[in-house]
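Colleague: Could you take me through one part of this model in some detail, namely the sheet with mixed pairing and whatever packs on it? I'd also like to hear how that part sits in the rest of the protein.

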Amino acid sequence: TWRKLAATEFKGKEEFQREVVRHVETTLARSMYNCDELGAYSGAALALRDRLVIAWNKTQQQHTFVDSKRVYYLSLEFLMGRTLDNAMLNVGVKQTARDGLDELGFRIEDVIDQEHDAALGNGGLGRLAACFLDSLATLNYPGWGYGLRYRYGIFKQEIIDGHQVEVPDYWLDFNPWEFPRHDIVVDIMFYGYVRKQIEEDGTTRSIWEGGEVVQAVAYDYPIPGFDTENTNNLRLWSSRPASGEFDFQKFNAGDYESAVREQQRAETISAVLYPNDNIDAGKELRLKQQYFWVSASLHDIIRRFKKTHRPWDQFPERVAIQLNDTHPALAIVELQRILIDIEHLSYDKAWGIVTRTFGYTNHTVLPEALEKWSVPLMQHLLPRHMQIIYDINLFFLQGVEKKFPGDRELLMKVSIIEESQPQSIRMAFLAIIGSHKVNGVAELHSDLIRTTIFKDFVTVFGTDKFINITNGVTPRRWLHQANPKLSDLISEKLGGDSFLKDLTLLDGLLEHLDDKQFRKDWMDIKYANKVRLAKYIKETTQIAVNPASLFDIQVKRIHEYKRQQMNIFGIIHRYLTLKAMKPEQRKKAVPRVSIFGGKAAPGYWMAKTIIRLITAVGDVVNCDKDIGDLLKVIFIEDYNVSKAEMIIPASDISEHISTAGTEASGTSNMKFVLNGGLIIGTVDGANVEIVEQIGDEQAFTFGHLAHSVPELRHQHHFAKPKPVLDKCLKAVFDAILKGTFGTPELFEPLINSITEGGDYYLVSDDFQSYIDAQSLVDELYVDKDSWAERSITAVAKMGFFSSDRTIVEYAEQIWNIEPVPVPRQK
Ligand code: 26V
């Protein structure tokens, strides 16, 4: 197999060592005598990179040679995390590298730890894109990612006096994984005007000109598959001033400052990742980012297609483009513009090509996250695109009118243009109309989009266009890499590691369920992972947590809909209950460590208040002598991909407790269960399918169902007088307002949003059922043996949630692409 071949990539540890030393001494111009861990990391990365590059070139040549259909995944976010460890595992050289580094005097774990995360994403959507790249490569699909090369990734979070403080994440200092392509440069225009020109044949043509030009430069990142030579490409664009635009006239005239300002303006486009998750702010710079990236990517895709000298008709047979949410929806308009204005195709022919090319994935139903751009802004920035959007809308509405004559209301409801002040463009509607398939990311979510936000489009297009493709995660990073001990134990039991490529093989674990030694080994690994996390917590917070406690973890972006506030209210309830117990009673309680991690968007004040409450509760509880080890509350600073790799394997329980109908899927729920943790969760997103697969014995579900949510909200809205809170929640609020956790004014808004503000996320409605579910957790955790059985059973039934399965579904149901194995010629 390729793996055996790959193992000989380095002829043993000696060759690996030689390569590391060579890079340290030549590429880095350093001496081995005072080489630190960062030097060793750099050397190791460069040594491995040399091997990746060979496979990468070979793969791209093969794909060009076979002229296979490719998929292009357009995403504004790729939350890649670190590369070295993952690449070593995928190529199969980690053991060689470990031995080699060992002899040089380095622990491989410390070397791996030197790498900076590539954090070009906010959360679920960006990490999903990264998992998809891993699966595309592993399954030998010809697939590229296209994104932006932000100079600053998602901010780093510091907690100072219990508050979140944002620090810039400059990640590009030394990046051995990127290859600048100074020869791949695209000019991108903004602003300007549209001129009509009459052709000789009497037709009119639109010409967009006179705008400001910025250049896009490509940077490529190799994406190695696991146990295959196939190595795909991620291409990220960086902005810089176009050569003609950097004003040398001014420069020479001594107006240095304004010349530099122009340059900076161009570079600003790819400078920062917007740190909002699930909220649309409608900023001009963000629209510029979107068009810059979409235009550069399409130009590149078309250039590649044209090299095959095929007629335009065949474009959709060679190119599939997937829109990761609506952020790249302008690609629909841009392709239509290129085809009619530049390639001179007829409008209808062009539109046929466009709609056969695109697929659109929706990732949220939250109204505040659905992108809308103001018409005047679009008009100003992209005047020709605005015209084409009007045309697309006009022809679409004409079709609707023909099918449903006289239904004015339907026309209003499905129009791309919303009649607001000023008018706005509903990007999701544009994405639906310009794509041949629209998918949601979990069964419940896909049902919801068909019956709520997009229901009128189901009326217009029929149901077949709207499908579900349930998310998944890559077992390479989220099991093999993050939890090597568990991965090894599973390999031992299943007689090999094929499960890493066919996750359904995990069900073979069920045969060993009654094996006492296996159950013990399983729980010992969980314990070891908890010790690893406890050590990290001690080092970073000075707080000692007992690894024998139940570890209860909620790590994700902080958002009211994800309900971290309900978790912390539950913890306060636990604290009050423990305090009220007699010492003998307390002895029977199950010790618990509640762990949080996650960033709040810098402008999301309520989310920051939730962080403040969590840290405030920790400050009180963690040094309460009555409580001791029975309860600890930890906030882990700066949650990111590499921290997730350490945190997730250490959970006994993780929390996925969003208000039913709000979390489109969730993907960390899958990662936690895959690592043997059970979940406490609402009937929301992919929780539903996880529980369906693993069995409800293996999960703690609670709370109201999605279909009841509108009515409950309605009741809150019109309730007069305000509804009485249940006893437990009221006691929690009283404790906060009494100042138990410091200045109550700080937390009043959080409480008021529930007691006065309509409780939009239904915390009061679900609280009691949440507390009951937590009591059941305590009760069942006492019996360690049956807990082990639940944990193993759950893992055994998680095969469905591999992103490999997800990608095969996209490939077959939307992209119509096939694997293209790279031939072995060695
Ligand atoms: C939306 C916006 C709106 C405009 C400005 C900035 C911005 C940034 C990100 C987003 C994306 C929101 C959608 C999202 O992240 N959805 C998450 O997608 C995951 C993968 O499908 C899914 O597991 C999560 O449940 C869902 O919240």
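Modeller: Here's a walk through that sheet, with the surroundings added as we go.

Keep in mind that this is a predicted model. For orientation, the protein has 34 helices and 24 strands. It's split into three pieces: domain 1 (1–66 + 83–114), domain 2 (68–81 + 117–470 + 810–815) and domain 3 (475–801). Along the principal axes, the C-alpha atoms fill a box of roughly 95 × 75 × 60 Å. The radius of gyration is 28 Å, which agrees with the value near 28 Å that a compact globule of 826 residues would have.

Now the sheet you asked about. It's an open one with 9 strands and mixed pairing, and the order reads β7-β10-β11-β4-β1-β12-β13-β17-β18. The edges are β7 (179–190) and β18 (466–468); each has a single partner strand, so one side of each is left without a neighbour in the sheet. Going from one strand to the next, the twist averages 25°.

Let's zoom in on one pair inside that order. Strand β4 (residues 143–148) and strand β11 (residues 231–241) run parallel, with 5 bridges joining them. If you want a residue pair to click on, try Tyr146, whose bridge partner in β11 is Arg235.

What packs on the sheet? One element is helix α34 (residues 803–815), which touches β1 (70–74), β12 (319–324), β13 (358–361), β17 and β18. The direction of α34 makes about 150° with that of β17. Then there's helix α18 (residues 443–451), lying across β17 (437–440) and β18. Helix α18 runs at about 165° to β18.

While you're in this stretch of the chain, have a look at the loop between β15 (417–418) and β16 (424–426), where Pro422 lies. The peptide bond leading into Pro422 from Gln421 is cis, with omega near -10°.

Next, the ligand. Its shell draws at least three residues from each of domain 2 and domain 3. There are 23 residues around the ligand, and Gly124, Leu125, Asp280, His363 and Ser665 come nearest. By class, the shell has 6 nonpolar, 12 polar and 5 charged residues.

For contrast, there's another open sheet in the model. This one has 6 strands with parallel pairing, in the order β21-β20-β19-β22-β23-β24. Its edge strands are β21 (631–636) and β24 (699–702), each pairing on one side only. Here the twist averages 20° from one strand to the next. At the β24 end, 4 bridges join that strand to β23 (residues 678–682), and the two run parallel. Within that pairing, Ile679 stands opposite Ala699 in β24.

That leaves domain 1. The C-alpha centres of domain 1 and domain 3 lie 38 Å apart. How many residues are in contact between domain 1 and domain 3? It's 4 residues of domain 1 with 4 residues of domain 3. On the domain 1 side, the residues that touch domain 3 are 1 nonpolar, 2 polar and 1 charged. One backbone detail to check is Ala29, in the loop between α2 (12–27) and α3 (37–66). Phi of Ala29 is near 50°, a positive value in a residue other than glycine.

So much for the surroundings. Back at the sheet you asked about, the things to keep on screen are the 9 strands with their mixed pairing, the parallel bridges between β4 and β11, and the two helices, α18 across β17 and β18 and α34 packed on the sheet.

Definitions and conventions:
Residues numbered from 1 in each chain as written. Predicted model: local features only at pLDDT ≥ 70, side-chain atom pairs only at ≥ 80, totals over all residues. Domains from an automatic or database assignment. Contact = placed C-beta atoms within 7 Å. Nonpolar A, V, L, I, M, F, W, Y, C, P; charged D, E, K, R; others polar. Near = placed C-beta within 6 Å. Pairing = 2+ DSSP bridges. Axes fitted to C-alpha atoms, helices over the stretch in contact; angles between N-to-C directions. Rg over C-alpha atoms; globule rule 2.2 N^0.38 Å.
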